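Here are two short exercises on how a pair of chains meet and on how far to trust the coordinates. Have the viewer open and work through them at your own pace.

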Amino acid sequence: MIWSELLLRALGALGMAILPLVATPFLVSGSRKVVGRIQNHRRPGGLQIVTGPPARLRTLAAVIKQLSQGLIIPHGADRAGFVAAPILAVALALATWAVIPLGPEGLQVADLEIGVLYVVTVSLLAPLAVLLAGWSSRTGNAEDGAFRAISHLISHKVPLILALLVPVMLSGSLSLQEIVLAQQIPYILPVPLAALLFLLAAEAEVGRLPLGGAEASGAIATGTLDEYSGTMLSAFNLAEYVNSFTVSVLFSVFFLGGWRGPWLAEAPFLGTVWLLLKAFVVFNLLVFIRAALPRLRRDQLLAFNWTYVVPLGMLVLVTVALVDKLIVTLGVTSVGWWGAGLLAANLVIGLGMVAVLVWVERAGKVHRAAPGMTLRDGPRPEER
Amino acid sequence: MFEQIVFLVFAVFALVAAIKVVTTPRISHAVLWLMSCFFGVAVLYLLLDSPFMAGIQLLIYTGGVAVLIGVASVVLRGAAREAQRRVTHSWPASIVALSLFLLMAWMTLELPLPEAPQAANPEGSLALLGAALVDPAGYLLPFELIGVLLLVLLVGALYLGKER
């Protein structure tokens with residue numbers, strides 16, 4: 001390999017890693033603003049007491065403050081693991097960006113043939129950072145939290161991977177670029193259920209509010225990050241936000257057509273704009289959901305996941321495979337009819353699922369604790 | 001030249017990590033070294049032009065096995081906390097390990113190694129691999145058997161884990 005090409009690649013990778021890092025503070029302040037509007041508190045104190053430079057600059061100040069805080073390693077913690085955990089968390093959060101196609105040609109760090117596999121692998125490693133954090137803290141709360149977080153993360157991996165298999169199947173490729181190229185219509189139209197499952201699982205994965213039972217600072221004694229403070233805690237928060245933005249970008253790539261959009265032939269760089277715009281809309285949707293809905297209890301989440309979401313994922317996968325094959329066998333070549341057929345199949349399953357949920361709710365079976373849950377997970381509803 | 005240097009660096013890294021796995025006293029550090037070893041091997045696969053193997057290596061070994069060991073030792077907390085346990089049966093153990101090593105070394109040396117690459121690495125080798133896995137003339141039977149084996153393991157684990 002030529003050195004200049006190597007240098008260029010290294011610079012590209014660096015830029016790609018910096019992009020989410022730069023975006024994060026703005027996403028944090030932006031999402032706080034949105035949540036503030038929804039919850040009706042617009043500025044701190046509710047009075048006009050803020051003087052000085054515009055409040056937006058406070059984000060910058062916050063970043064500097066977070067970065068300049070010290071590293072406190074508790075006495076008795078496993079030092080290597082304790083420091084490695086936040087580094088691993090941030091590295092894994094950024095690693096996914098290597099395969100995200102920002103535009104039609106070349107605007108991608110690496111167009112891996114195994115792109116989806118890479119994404120899944122990186123997301124599968126995330127529990128490791130959590131585990132490491134909880135483990136090396138060597139306190140009860142953190143270790144309990146790690147175990148809790150891991151059962152949560154691994155449970156939601158299953159529907160996530162099942163949902164990801166649908167675009168892979170439809171496009172016939174594991175490369176993210178190929179998947180974008182294959183989307184003559186965004187996959188959310190023919191397979192909305194897979195998109196919904198992906199969003200649900202991804203939301204639970206990144207630990208945002210309604211589905212984020214792994215870390216709940218308000219409800220259960222924090223958890224994994226119990227012993228973390230200062231810059232290392234900020235690193236975890238950064239990783240969480242980057243992850244949240246990453247799943248928005250991934251959702252756009254897999255289901256919203258990625259960088260596809262109008263006027264690409266004239267200006268290829270618009271692809272990046274379209275992709276980030278789509279990702280921003282999805283991110284905002286996640287923020288809305290987070291602001292509008294209360295947190296679910298962990299056993300509710302896991303029970304819902306294993307009893308409904310995972311079977312639904314399997315059902316969607318098998319149905320999409322069969323219907324896709326059927327349509328191709330029938331000799332339909334127009335994308336419109338192909339999409340309509342898949343959409344109809346999705347709607348039938350979706351309505352069936354709603355019917356099942358309504359029936360279960362009427363039968364009064366919802367509020368049962370998950371089998372195998374003990375009091376350590378909080379009192380069951382009937383015992384309160 | 002450059003790739004060979006990287007290859008050597010990561011080969012040494014994987015070996016050092018593998019030695020560290022068995023010499024480090026804490027099980028949590030052993031898991032970390034194990035992961036590093038798997039990671040090093042994955043890089044070697046990548047340098048040998050088989051990205052799929054690299055991905056699978058990371059997915060199954062680092063993402064699956066290492067996380068599983070980690071979870072197991074969090075669940076079995078005593079084992080994780082305990083300092084290095086005194087090894088009492090070191091002589092029989094070393095004899096077993098040595099004979100296993102000699103057996104594997106002998107097998108490796110006896111195995112006829114191909115002089116040239118078995119096949120070129122065409123574009124879309126992933127699709128070829130996928131087709132071979134579901135081709136009745138290819139690897140369909142072993143593939144399905146592995147599926148059944150995993151299902152049996154799953155059911156067995158559920159049975160063992162069931163509260164009675």
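**Exercise 1.** Describe the interface between chain A and chain B in this predicted model, starting from its buried area.

*Solution.*

Step 1. Begin with the area: about 2400 Å² is buried between chain A and chain B, and carbon and sulfur atoms give 73% of that.

Step 2. Next, look for charged and polar pairings. The two chains have 0 salt bridges between them, and 1 residue pair is in polar contact, counting pairs with both residues at pLDDT 80 or more.

Step 3. Now find the elements involved. On the side of chain A that touches chain B, two or more residues each come from α1 (3–38), α4 (115–137) and α5 (140–171) of chain A. The largest share, 9 residues, belongs to α4(A).

Step 4. Sort that side of chain A by class: 16 residues are nonpolar, 2 polar and 5 charged.

Step 5. Finish with the residue counts: 23 residues of chain A are in contact with 30 residues of chain B.

**Exercise 2.** Work out where in chain A the pLDDT is below 50.

*Solution.*

Step 1. Take the overall picture: chain A averages a pLDDT of 81, and 86% of its residues score at least 70.

Step 2. Compare the elements of chain A. Helix α6 (residues 176–182) of chain A has the highest mean pLDDT, 90, while helix α2 (residues 57–68) of chain A has the lowest, 81.

Step 3. Locate the stretch: the pLDDT is below 50 over residues 372–384 of chain A. Beyond near neighbours in sequence, this stretch has 15 contacts in the model.

Step 4. Draw the lesson: where pLDDT is low, predicted coordinates should not be read in detail.

Conventions. Residues are numbered from 1 along each chain as its sequence is written. Chains are lettered from A and ligands numbered from 1 in the order in which they are written. This is a predicted model: local features need pLDDT of at least 70, side-chain atom pairs count only at pLDDT 80 or more; totals for chains, interfaces and linings use all residues. Side-chain values use heavy atoms; hydrogens and water are left out. Contact means heavy atoms within 4.5 Å. Buried area is the accessible area (1.4 Å probe) that two parts lose on being put together, summed over both. A salt bridge is a side-chain nitrogen of Lys or Arg within 4 Å of a carboxyl oxygen of Asp or Glu. A polar contact is a pair of N or O atoms within 3.5 Å; within protein, one must be able to donate a hydrogen and the other to accept it, and residues adjacent in sequence count only if both atoms are side-chain atoms. Helices (H or I, at least four residues) and strands (E, at least two) are DSSP runs, numbered from the N terminus. Ala, Val, Leu, Ile, Met, Phe, Trp, Tyr, Cys and Pro count as nonpolar, Asp, Glu, Lys and Arg as charged, and the others, Gly among them, as polar. pLDDT is the predictor's confidence in each residue, from 0 to 100.
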